[in-house]
Amino acid sequence: MEEGFLLEQKTLEGDLNSETSHQSSVDFLMNWFRKRSIFVLAYGTGCGAIEMPPTFTSRYDAERLGIRGAATPRQADVIIVSGYCSYKTLRRIIRTYEQMSNPKYVLALGSCTVNGGMYWDSYNTIKKLEDYLPVDMYVNGCMPRPESILEGFIELQKEIGAGKASSWQKYEENHEFYRKNQEAVLGEKVEPSYEADWYLYEGGL
Amino acid sequence: MMINLSNYALGHIVLALEMSHLANFFAVLILLSMGTLLFLVKNYALPKSFYALSALLSTSLFLIVYAADYLLFFIGWEVMSITTYFLLSFSVSQKTLHKYIIFAMSSALALFIAILMIYSTQQSFLYSDARESFELMGEFQGVFFLVLILFAIFVKLGVIGFHYWLVDAYEEAHDIFTAFLSAVLSKMGVYALIILVVKVTQPMLALAIIGVMTSIIATFKAIQEDSVKRVLAYSSIAQLGYIVTVLGVADGMSGALYHSLIHTAVKLLLFINIAGVIYMTGRDKFSQLGGLIYKMPQSFVLLLIGIIVLAGMPPLGGFSSKFLIYSALLDTKYLLLLSGVMFSSASAFLYIYKLIYGVYLGHPSHKKLESAKEVSLSFLLPQYLLAFILITLGTFPALIVPYINEILLESSLTTLSFTHAGELISAFAQFNGLIVMSAFGTIFVLVVIFFVSTRSKAKEAKNRFDIAYCGEEPDESTHLHYGYSMGKELARVGILRAIIKNSSSHFYEYLGKQTLSFAELFRKIYSGKLSVNFNIAILFLLLLLWGSLR
Amino acid sequence: MILLELLLMLLVAYGVGFLYYGLYRNITARFQRRFGPPLWQSFFDSIKFFLKEESTSHGWMFYLGPIIMMSGAITTLFFIPFFKETTNFSGLSSYGNLFVVLYLLVLGPLGNALGVGTGGNPFGAMGVTRGLSRLFALELPFYIAVIAIMSLSGSADISEIAAHQSTMYALAYPLLFIGALFSFIGMMGQSPFDVVGAPVEVYSGPASEFSGKFLALLMSQSAIYTFAKLVLMVNLFLGGAQGFLELLLKTFVLFLFVISFGSLYGRFKTPQSIDFLLKVPTTIAVIGLILATWS
Amino acid sequence: MFKTIKSNFATADVEVKRQDLYKVVIKYDRLSALIDFLYNNYTYKILNAITCTDWIEEGHFALTYLITTEDRSNTFMIQTLVGREDTKVESFSKKFKQAQIMERDLHEMYGIDFIGNDNLKELSLENWVHTPPLRREFDTLEFVNEHLTFREGREDNVDVKAETKRLRALKKAQKEADKKAKEAADASALKENEDGK
Amino acid sequence: MENKHITIFHGPQHPGITGNMSVELDLIGETIQKATTHVGYLHRGFEKLVERRTVIQAFTIVCRICVPEPDPNEANFAAAVEELAGIEISERSKYIRVMVLELSRLAAQFLWLAGQSGSIGLYAVGQWAIADRDLILDLFEELTGARVYHMYIYPGGVRRDLPEGFLERVSKLLSYMKKRLKDYDDIFINNSSFKNRAIGVGIISKEEALANGYVGQVLRGCGIAADVRKDAPYLIYGDLDFEVPTELGGDVYARALVRRAEMDQSVHILEQVVEKMPEGEIMVKMPAHRKFKLPKDDTWVKVESARGEFAYYMAGDGTEKIRRMQVRGPSLVHAYTLLENLLVGAELSDVALIMNSLGICPPEIER
């Protein structure tokens with residue numbers, strides 16, 4: 001029994017390290033630390049949140065892969081958009097996302113984030129998350145099982161390790177595009193108070 | 001080394017002035033306060049009589065300090081009390097004035113009787129005869145004498161139970177005068193305690209216990225207050241509580257003197273700082289201030305130095321005096337008292353943080369505060385001077401030890417050992433302020449260098465509302481300043497609620513009501529409240545005189 | 001020479017601190033019936049945060065807050081000798097004493113509190129208030145115990161106190177030790193006194209607003225701080241140590257006790273924890289003090 | 001009880017739906033009197049829910065108040081019909097505290113004004129400027145098509161019957177194509193075979 | 001002008017909130033002066049979506065109304081449809097439904113256990129409880145094919161028959177649970193730190209609870225034995241032997257004790273169901289789903305969920321589609337009328353505790 005578990009752990013970790021890439025050793029080290037430590041924001045945005053406790057507790061124990069929860073967006077690396085996203089929540093997600101520090105990643109859970117899922121004709125949920133936020137990894141299903149969430153995390157970690165997960169750069173570069181889409185559903189007046197050049201900030205200590 | 005200035009004989013009463021080291025020490029405190037506060041004067045349109053009365057007040061203070069006999073001391077004390085009354089009357093409400101004058105008069109009365117008791121044993125007012133006179137008194141008379149003296153001094157110090165007038169007066173007095181009250185007039189209480197009690201009697205455990213109780217209770221009272229000046233007033237009471245405590249034990253004089261100096265300097269610094277804030281914003285409550293740090297950065301840093309000293313944190317001067325106080329208590333094995341003092345000192349962190357948070361940190365609680373600017377140099381200069389003194393005393397804690405030793409020698413007490421200015425040595429341990437300061441400073445600089453050179457760049461938040469706020473977005477109308485609320489939760493703790501909720505004012509209000517109804521009888525004969533008080537006082541005085549001389 | 005020694009002390013504290021944190025996470029994981037993270041996970045976390053591309057700052061005081069905290073932690077460490085009866089690894093302890101250390105222990109958190117206040121996050125201010133409210137209750141039993149042992153040892157010098165114990169004070173004066181231990185659990189931020197950063201109540205308390213390298217610095221200092229506190233406790237009550245092995249053994253036993261205690265109890269409310277600390281451990285410590293110094 | 005209700009309030013008999021569920025339809029102006037009657041004379045003291053059904057064809061809302069006895073063994077459905085446009089209804093929030101939130105919900109979803117309810121702010125929606133969503137004239141699909149984009153490839157929004165037909169035709173065509181291809185392949189194979197020979 | 005209080009949000013992005021909702025709190029110190037609940041972060045317009053779908057299409061989405069325990073929704077929906085269409089289901093399917101409902105209640109109580117212990121920082125209990133809940137989810141997966149959203153209680157019966165040996169596995173789980181639940185008593189329910197936090201917090205009076213239409217553990221925690229299973233028995237609950245546990249305190253601890261006792265009762269009911277499970281059909285004959293029409297009629301059905309009475313109002317209009325389906329979950333009144341009153345005067349530390357003990361579940365409030 002335990003052997004089987006240890007075997008699984010070994011496989012998962014081996015899977016994590018399987019990606020070989022051509023990076024400078026500094027980048028490699030940096031990305032290695034980044035992928036080995038993932039703080040997930042405690043934000044159950046939709047019904048997928050019900051499978052988060054199993055993922056993070058004793059049965060599936062995401063902490064063995066270095067994945068753990070973080071209370072505030074300031075401390076988090078990953079925001080999980082767990083399922084459908086009503087406009088009211090979308091606004092909070094955008095604000096929260098913009099408060100996270102670079103590099104940051106978005107993991108989208110469930111079919112609803114892909115194409116609206118069950119709620120394709122609902123007047124209050126968005127249908128395609130990537131119009132509003134850059135998504136690093138979609139985990140499909142309604143709802144995704146803890147195993148698939150872990151799988152999604154490992155894929156994300158591999159991409160981080162290879163330096164390929166760069167959705168945050170995409171968000172910076174295409175900020176106007178995202179902002180336009182966000183305004184289209186949230187309305188002009190609900191614009192979060194950051195200015196558009198917020199991301200162009202340079203310098204600092 | 002004593003220098004007798006003069007000896008005048010009035011009948012068989014000998015009056016004397018003398019310039020002892022102790023007197024000089026307190027004179028320096030007076031000069032320091034007056035010197036620094038003078039900077040501020042030009043910012044305010046003060047009535048001419050204010051200056052005249054201040055001059056009178058300072059004269060009386062020097063008379064108190066340099067008197068070598070009780071009669072001159074008493075005259076000085078009286079003049080001080082009465083000029084204080086007039087100085088207070090510029091801004092203080094009638095009610096508070098009444099409170100003050102009743103307490104001041106009864107304390108004067110008590111002092112006077114006590115002095116007469118000393119005189120009646122040996123027919124001498126001189127300090128030099130006092131100890132002998134006290135020993136000659138009978139058991140009952142001795143206790144009675146001490147009670148009277150301590151009552152008089154406790155009123156001036158505002159020891160808990162006698163602080164009824166003090167907090168209100170501090171709050172309502174003119175900003176400059178509050179600083180003076182806290183920095184100097186309370187030190188006169190300390191001086192009186194040394195002259196009239198410590199030098200006359202054996203160390204009294206009761207005094208130490210009262211001191212500890214005072215500091216603990218005043219600390220918890222301070223935590224609850226919303227007004228900045230009231231917090232500082234309670235803080236003064238608490239700090240004086242330490243001095244009273246340490247004067248109650250043997251070998252406590254060095255700690256008491258050191259702490260007097262530190263407390264004078266730090267309270268001047270804090271009150272001048274707060275005066276600047278009030279001058280700039282017109283607000284004096286935590287619930288109305290906040291977020292001034294980037295508007296008034298220099299004031300912030302100066303207040304920061306002040307509160308570090310007030311907290312007794314190691315690199316600055318506050319620790320040096322605390323260290324002496326702790327050592328004295330440890331040395332005399334008053335271990336529970338020491339725990340009490342340290343407990344009070346640890347509790348003080350809360351109001352100390354509230355002081356700086358409520359005024360400078362957090363969010364501005366009103367739009368007006370966003371347009372505040374740095375105060376003028378006349379506010380800043382004295383603060384820089386005081387901050388320099390405090391930092392120097394932290395780095396070289398033993399700098400004034402030789403001088404304190406002179407005072408101790410003069411009172412024939414054991415002196416502190418002295419190696420060099422950086423090292424403060426007590427009976428139990430020593431610490432090297434220079435090393436602590438330079439270690440902390442060096443590490444701080446190294447960490448800053450390391451931190452600046454890391455890969456991650458610090459990005460300024462766009463505005464003050466860019467905070468992690470559970471996904472929601474605060475705006476101008478959201479109350480985010482926690483200044484008022486700090487420490488309010490303590491009222492939920494059973495033990496502390498007794499301290500926080502009960503107040504001596506209940507007792508005095510009850511007493512006041514009884515007196516008023518009693519005074520209704522006299523009202524038909526006398527008119528005017530004050531005169532009634534005076535008359536009652538005179539009656540009472542006659543009664544007591546008769547009692548003590550019989 | 002002394003600089004080298006100080007550097008070594010720092011490295012040892014940093015490494016051992018993170019190692020203990022890793023062990024802590026693994027041991028609690030086993031309490032919770034799970035596998036737990038890699039041993040050095042906390043270290044990875046802190047390095048990861050140092051490597052963040054950006055961190056949000058709220059002005060220079062906010063910037064300096066964690067730095068003061070880190071400086072406080074390192075300074076505290078340097079004033080605590082690792083071993084007794086030797087000057088090796090005694091750092092700067094001969095220039096300070098227990099009073100200095102007791103105050104230095106608070107210096108860092110207070111400095112950080114300034115940063116927290118500047119950040120303007122109400123949860124941060126609430127966390128700090130909780131911390132400071134709890135602080136005095138926490139310190140009282142500890143102070144009583146420490147004062148008693150200072151009086152017993154006749155010195156306020158930590159290495160002398162450590163050397164003075166022929167039988168360790170924890171055994172000779174168990175009541176004092178128990179009183180201090182309650183405080184120590186709180187100082188280590190363990191249940192039931194972990195009110196400061198309680199995530200379900202005040203978000204994450206003082207740390208709410210710190211991101212990226214600020215958080216990394218806070219994590220690193222916490223590792224150093226933890227070790228410093230453990231060494232202090234060993235010196236004061238467990239008879240000090242004579243070599244690294246003894247030091248690690250004693251600190252680890254203490255650490256293990258604290259975390260086991262922490263994972264078995266829920267969290268008090270702030271007033272409850274103050275009430276409890278002012279009643280039970282204080283009474284124990286006072287009785288201990290009276291018994292210890294009666295003669 | 002039923003007789004009193006019939007004679008004093010209702011237009012029709014009380015309908016016994018289940019042994020624990022009665023239903024009565026009454027005029028709006030007798031609603032509050034009936035609820036008071038049940039409240040005062042019997043133990044129907046708990047307001048369980050207020051629901052609204054939009055009968056757009058008939059031009060009215062059916063408001064249903066569900067009142068339960070104190071021992072929760074029996075529920076009364078009191079239904080009343082009110083107009084669809086600018087509906088104004090007396091609030092029950094003074095009598096039943098929980099009515100406040102239920103009415104707020106209905107106000108948001110149907111646009112019914114509850115007079116006397118002091119808080120009718122938005123409950124679930126945020127900055128909603130369109131038709132109240134649960135009214136029948138609000139077409140959610142149209143709204144979605146107008147405001148949101150789908151990922152390409154999503155084909156939910158089709159008529160099932162037509163789609164089935166289309167798929168069948170597609171399948172058939174595929175089959176035929178397959179058949180043809182097979183035939184061709186067979187033919188070519190045959191040819192190759194023949195060639196090989 | 002004066003700024004004595006401080007306004008903070010407890011949620012939506014907060015570790016101490018039950019789901020995606022928020023409570024706006026005005027505090028002085030940490031004492032709450034005013035609480036305002038905000039929901040709507042999860043509003044999907046179920047009631048609108050149902051109106052657009054045929055009955056069986058609607059069946060697939062109703063379970064998503066309440067995430068922590070979807071089965072009461074399915075049961076309610078099926079019961080309402082059956083009542084409107086006049087369908088009588090078979091005995092076996094009734095038993096299977098009861099089994100599913102009770103298993104789901106047990107799972108929801110474990111989730112509550114995790115939340116409640118997490119709200120006082122006792123994380124070990126939470127970890128255990130979630131893992132134990134997973135054992136139930138495994139059974140669900142075997143039975144229905146899904147861990148969370150089962151779509152199993154089909155109008156007219158249940159979707160699939162029990163797999164072979166399923167009942168044995170259920171009884172095996174039950175005997176494990178019986179042993180395991182005692183551990184939770186030791187480490188959580190009887191833990192002094194939980195008692196310290198929970199006793200005397202969030203007290204609800206009996207009169208208020210009755211008058212304002214509160215349900216479930218809130219009523220049972222103040223001594224009223226309210227339980228739909230007893231008051232208006234549905235399915236086969238009338239034939240089963242079980243008790244409605246009550247406590248008198250009316251506080252968080254009383255509600256915790258009630259919940260804990262309900263877990264025992266669930267196990268007890270499940271044992272009976274396993275024992276009595278009859279043979280027979282699982283589905284009655286149903287019309288083809290595209291031709292399945294509901295008459296123009298309405299009804300009100302309710303079941304007892306893990307958090308109290310869960311009711312549906314359903315009206316048909318003679319077509320294939322449902323004219324109106326209103327969901328009245330237990331949380332609507334609890335989250336507003338109750339929570340907003342209960343929090344005033346409480347401390348910030350109590351918020352998570354009280355919310356968990358009320359079992360507030362936002363998706364069923366806003367649907």
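In this predicted model, the contact between chain B and chain C draws 60 residues from chain B and 69 residues from chain C. On the side of chain B that touches chain C, at least two residues each are supplied by α13 (317-331), α14 (335-360), β4 (430-432), α17 (433-452), β5 (457-460) and α18 (494-501) of chain B. Of these elements, α14(B) provides the largest share, which comes to twelve residues. Sorted by class, the side of chain B that touches chain C holds 42 nonpolar, ten polar and eight charged residues.

Strand pairing also links chain B with chain C. Strands of a sheet pair through backbone hydrogen bonds, and they do so either parallel or antiparallel. Here β5(B) pairs with strand β1 (residues 54-57) of chain C in the parallel sense, and four bridges join the two. Within β1(C), S55(C) is the bridge partner of A458(B).

Chain A and chain E form another contact, in which 30 residues of chain A meet 29 residues of chain E. The elements that give two or more residues to the side of chain A that touches chain E are α3 (52-56) and α4 (87-99) of chain A, and the largest share, four residues, comes from α4(A). By class, the side of chain A that touches chain E consists of 13 nonpolar, eleven polar and six charged residues.

The table sets out the class counts for these two sides and for a helix pair of chain C that is taken up after it.

| Set of residues | Nonpolar | Polar | Charged |
|---|---|---|---|
| Side of chain B that touches chain C | 42 residues | ten residues | eight residues |
| Side of chain A that touches chain E | 13 residues | eleven residues | six residues |
| Contact of α5(C) with α12(C) | 16 residues | seven residues | two residues |

Two packed helices are described by the angle between their axes and the distance between the axes. In chain C, the axes of helix α5 (residues 122-153) and helix α12 (residues 270-293) come within 9 Å and cross at roughly 5 degrees. Angles under 35 degrees count as roughly parallel, and α5(C) and α12(C) are therefore roughly parallel to each other. The contact of α5(C) with α12(C) is made up of 16 nonpolar, seven polar and two charged residues.

Chain E contains an open sheet of three strands, arranged in the order β1-β2-β3 with antiparallel pairing. Because β1 (6-10) and β3 (31-38) of chain E stand at the edges and each has a single partner strand, one side of each is left without a neighbour in the sheet. From one strand to the next, the twist averages 25 degrees. Strand β2 (residues 22-28) of chain E runs antiparallel to β1(E), and five bridges join the two strands; the bridge partner of H10(E) in β2(E) is V23(E).

Chain D can be described by its overall form. Its secondary structure comes to five helices and seven strands, which follow one another along the sequence in the pattern α-β-β-α-β-β-β-β-α-β-α-α. Whereas a compact globule of 197 residues would have a radius of gyration near 16 Å, chain D has 29 Å, and along its principal axes the C-alpha trace of chain D spans about 105 × 40 × 30 Å. Of the 197 residues of chain D, 32% count as buried. Among the contacts in chain D with a separation of 6 or more, 44% are between residues 24 or more positions apart.

Notes: Residues numbered from 1 in each chain as written. Chains lettered and ligands numbered in written order. Predicted model: local features only at pLDDT ≥ 70, side-chain atom pairs only at ≥ 80, totals over all residues. Contact = placed C-beta atoms within 7 Å. Nonpolar A, V, L, I, M, F, W, Y, C, P; charged D, E, K, R; others polar. Pairing = 2+ DSSP bridges. Axes fitted to C-alpha atoms, helices over the stretch in contact; angles between N-to-C directions. Parallel < 35°, antiparallel > 145°, perpendicular 65-115°, else oblique. Rg over C-alpha atoms; globule rule 2.2 N^0.38 Å. Buried ≥ 20, exposed ≤ 12 C-beta atoms within 10 Å, placed from the backbone.
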